[in-house]
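This report describes selected side-chain contacts, strand pairing and metal coordination in one structure. The model is shown below.

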Amino acid sequence: MNFELRKTARGLTDEELLEDLRRVARKLGRDTVTISEYTEHGIGHATTIQRRFRSWFMALENADLKPSRSRIGISDEELFQNLRAVWISLGRQPSYGEIKTPLSQFSAGTYEKRFGGWSQALVQFVDWVSSDERAEPDEPQIETESAKKTWPKARKTKREISERMRFRILVRDGFRCGACGASPLENRGTELHVDHIVPWSKGGETVPENLATKCSRCNLGKGDAFEA
Ligand SMILES: [Zn+2]
């Protein structure tokens, strides 16, 4: 049996990592590389590349490769997005047996094949969902004179809450409405929203400390007291 220790990719420069991605693509005769292909043929760990370039997609883009697609045309991104949707609708981590229609667009087998096992798929998903922090804020959005007086400083964060950040807040809050405790765990179909506590327009930043989970009923009912 051939046994070879995988070299750590941490000691490699960004350019060396990208070159290794391109090398694997050339070896496979393709213009893209999936995480599982890289795990098989690359010299480093896919997770190191994801951390270094924020995501697998960013790494592919930096290497001038195409976003990875399987033979049947499903990208890793789509698989992660689907897993996030299933996770949110259950209000918890889905089990292997739950990855099927109608809850999931893709089968558990698709995840196994792509990532080399279900637990590997979950590890990659957690990496993906933890990795989209964009540091740059929007252009200062100061619309009125009074807003200028109250909030003269440029904003640190964007107003928009990214899908991945929403997911992380839902996980933090245990998939429960902070006001009434409603959760899809008990009532399938409960819709949870993640919103700013101090509205962005009032200077609240898009940071975990200023984000809270609310069910759609409480969220609508909050009215002006919460939003204005
Ligand atoms: Zn509620």
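In this predicted model, glutamate 19 and arginine 22 are joined through their side chains by a salt bridge with an N to O distance of 3.2 Å. The two residues are three positions apart in helix H1 (residues 14-28), which means that about one helical turn separates them. Glutamate 19 is partly exposed, its relative accessible area being 32%. The pair also belongs to a wider arrangement, since Glu15, Glu19, Arg22 and Arg26 are linked in a network of salt bridges. In total, the structure holds 14 salt bridges.

Two further salt bridges may be set beside the one in H1. Side chains of opposite charge can pair when their charged atoms come close. The table lists the three pairs with their N to O separations.

| Acidic residue | Basic residue | N to O distance |
|---|---|---|
| Glutamate 19 | Arginine 22 | 3.2 Å |
| Glutamate 37 | Arginine 30 | 2.2 Å |
| Glutamate 163 | Arginine 166 | 3.8 Å |

In the salt bridge between glutamate 37 and arginine 30, the acidic partner is buried, with a relative accessible area of 18%. Arginine 30, by contrast, is partly exposed at 30% relative accessibility. The bridge between glutamate 163 and arginine 166 lies within helix H9 (residues 163-172), where the two residues are three positions apart, about one turn of the helix. Glutamate 163 is partly exposed, with a relative accessible area of 45%, and arginine 166 is likewise partly exposed, at 26%.

Tryptophan 56 belongs to helix H4 (residues 56-62). This residue is buried, with a relative accessible area of 2%. Its C-alpha atom is 8.5 Å from that of threonine 34, although the two residues are 22 positions apart along the chain.

The strands offer a second example of burial. Strand S1 (residues 192-196) runs antiparallel to S2, and five bridges join the two. Within this pairing, aspartate 195 has alanine 212 of S2 as its bridge partner. Strand S2 (residues 211-215) has five of its five residues buried, so the rest of the structure largely encloses it. In a regular strand the side chains alternate between the two faces of the sheet. In S2 both faces are covered: Leu211, Thr213 and Cys215 are buried on one side, as are Ala212 and Lys214 on the other.

Cys215 also takes part in the metal site. Which protein atoms are the donors of the zinc ion? They are the SG atoms of Cys177, Cys180, Cys215 and Cys218, lying 2.3 Å from the ion. The angles among the four donor atoms are 105 to 116°, and the site is tetrahedral. Along the sequence, the donor residues follow the spacing C-x2-C-x34-C-x2-C. Cysteine 177 is located in the loop between H9 and S1, whereas cysteine 218 is in helix H10 (residues 216-221); the pair therefore ties together parts that are 41 residues apart in sequence. These two donor residues also differ in accessibility: cysteine 177 is buried at 4% relative accessibility, while cysteine 218 is partly exposed, with a relative accessible area of 21%.

Definitions and conventions
Residues are numbered from 1 along each chain as its sequence is written. This is a predicted model: local features need pLDDT of at least 70, side-chain atom pairs count only at pLDDT 80 or more; totals for chains, interfaces and linings use all residues. Side-chain values use heavy atoms; hydrogens and water are left out. A salt bridge is a side-chain nitrogen of Lys or Arg within 4 Å of a carboxyl oxygen of Asp or Glu. Helices (H or I, at least four residues) and strands (E, at least two) are DSSP runs, numbered from the N terminus. Buried means under 20% relative accessible area, exposed over 50%, partly exposed in between (1.4 Å probe, protein chains only). Two strands pair if DSSP finds at least two bridges between them. Donors are N, O and S atoms within 2.8 Å of the metal (3.2 Å for Na, K and Ca); water is not among the atoms, so sites may look incomplete. Four donors count as tetrahedral if all angles lie between 85 and 135 degrees; four count as square planar and six as octahedral if opposite donors are over 155 degrees apart and all others between 65 and 115; anything else is irregular.
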